[in-house]
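Let us walk through this structure together, starting with the whole chain and then settling on one strand and its surroundings. Have the sequence and the model open side by side as you read.

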Amino acid sequence: MNNCRVCNEKLGKEELKLASPSVTSISENLNLETYIYLCRNCAHCQSPDLPDVTEYYDNNYKISLKTDDFDQLYETKGDTSIFRTEHQATLISELKFKKHSRVLDFGGGKATTLKKLLKKRNDINPFVFEVSRDYKESWDKWIPENNQATYTIPEKWHNTFDLLICNFVLEHVMRPTDILNLMYKLICPGGLLFFTVPNPLDNSGDLLVVDHLNKFTVSSIKQALINSDFNLEEVSDKKFRGAFTVVASKNNNKKQISLDCKKYEISSLERKISKWDSRFEEIKKIDKKNLNIAIYGAGFYGTLFYNFLKHKPNFFLDKSIHLNNKTHLGIPVLSPEKCPQNIDILLIGLNPEKAKSIFQLSNKWIPKNCKVIFVD
Ligand SMILES: [Zn+2]
């Protein structure tokens, strides 16, 4: 890994190296070491390419494909669950784009966001592009065949889209600038680009996600847009928890893009990376032979912490009905209410920066003599 994926600056030594296994965004373990590099020119963080990344997304990466209604929960308001794609569709529907716009969902899997956008704006003309054919059956139910593309994009689509949406894709790609250049070609003059990427400063575990080859900051997003000739309309860390939402446009009224938050972002990243190093040392110290351990959370953080435990846990506990009564890494996943009373240690496998506000110590199901450990 020699150069920054965004600004092409030569990179120094890695900031952090972790032994195998590494954890993916869908909480799988891969037999790889984890490396984090930081570009001090544009404040971009990055990890090495996955071996055969193209094959990985074509055949292995089946997010939201298991069932038709599977979606990641974004938040709950009272009794209402708001899913990630619903929130994305709401943000996109607030943008200004004309009636009967041609809208391309770029790398959106089943394109659920676009489907939900269509419910809010039934005048739009939907198109999809993916680097896999896995989703075709699902698309065929509502997207005309001529509006679907897999692996390559037809030349005649160039310069035709009023709006291109791309949710949680750019963090996975080896050459984000090439992808943004392609998007620029696809959008018509005056058209808009909307994309989302994780915000590693808000959710610092993202720095360790092995298939997130790019860990963007405001500065590196701006640098990437400058490289591809886009105008920046808005970059926000407030509209989507744990992520940046970005609106860019293709037109000639170029505005100056300022990179004034670069220094602050670089020092924050340095701090967050070194904090992870000390957290792992803490987890390794949980050396309690013959005690029963459960990890609360069978997602990314639970998996990450599992990898650093000397003695493997008896159970994972997780609120998600999609995970309950299954196994994760060969270990049973129970709903928290079913936590066995003989659990001695409960390790909280949530984002350390938010765990104490998410996890309630007053939960009635926590066994009486159980020690609850937060990873600070
Ligand atoms: Zn850079």
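What you see is a predicted model. The mean pLDDT of the chain is 92, and 95% of its residues reach 70 or more. Do take care over residues 64–69, where the pLDDT is below 50; beyond near neighbours in sequence, this stretch has seven contacts in the model.

Now for the overall picture. The chain contains nine helices and 21 strands, and its C-alpha trace spans about 65 × 45 × 35 Å along the principal axes. A compact globule of 376 residues would have a radius of gyration near 21 Å, and the 22 Å of this chain agrees with that. Of the 376 residues, 39% count as buried. Among contacts with a separation of 6 or more, 64% join residues 24 or more positions apart.

Next, turn to the open sheet built from six strands, which run in the order β18-β19-β17-β16-β20-β21 with mixed pairing. Its edges are β18 (327–328) and β21 (371–374), each of which pairs on one side only.

A good place to stand within this sheet is β16, residues 293–296. I293 and I295 point one way from this strand, A294 and Y296 point the other way, and all are buried. This fits a general pattern: in a regular strand the side chains alternate between the two faces of the sheet.

What are the strands that pair with β16? One is β20 (residues 345–348), joined to β16 in the parallel sense over four bridges; here the bridge partner of I295 is L347. Another is β17 (residues 315–317), also parallel to β16, over three bridges, and in β17 the bridge partner of I295 is F316. From F316 you can step onward to β19 (residues 331–334), where its bridge partner is V333. β17 and β19 pair in the parallel sense over two bridges.

How does the chain get from β16 to β17? Helix α8 (residues 300–308) joins them in a right-handed β-α-β unit. Seven of the nine residues of α8 are buried, so this helix is largely enclosed by the rest of the structure. The buried residues are F300, Y301, G302, T303, L304, F305 and Y306. Which elements cover them? The cover includes β16, β17 and β20 from the sheet you have just toured, together with β2 (22–23), β3 (29–30) and the helix α7 (262–284).

Technical notes
Residues are numbered from 1 along each chain as its sequence is written. This is a predicted model: local features need pLDDT of at least 70, side-chain atom pairs count only at pLDDT 80 or more; totals for chains, interfaces and linings use all residues. A residue is buried if 20 or more other C-beta atoms lie within 10 Å of its own, exposed if 12 or fewer, and partly exposed in between; C-beta atoms are placed from the backbone. Two strands pair if DSSP finds at least two bridges between them. A crossover is right-handed if, with the strands pointing away from the viewer, the path from the first strand over the helix to the second runs clockwise. Two residues are in contact if their C-beta atoms, placed from the backbone, lie within 7 Å. pLDDT is the predictor's confidence in each residue, from 0 to 100. The radius of gyration is taken over C-alpha atoms; the globule rule is 2.2 Å times the number of residues to the power 0.38.
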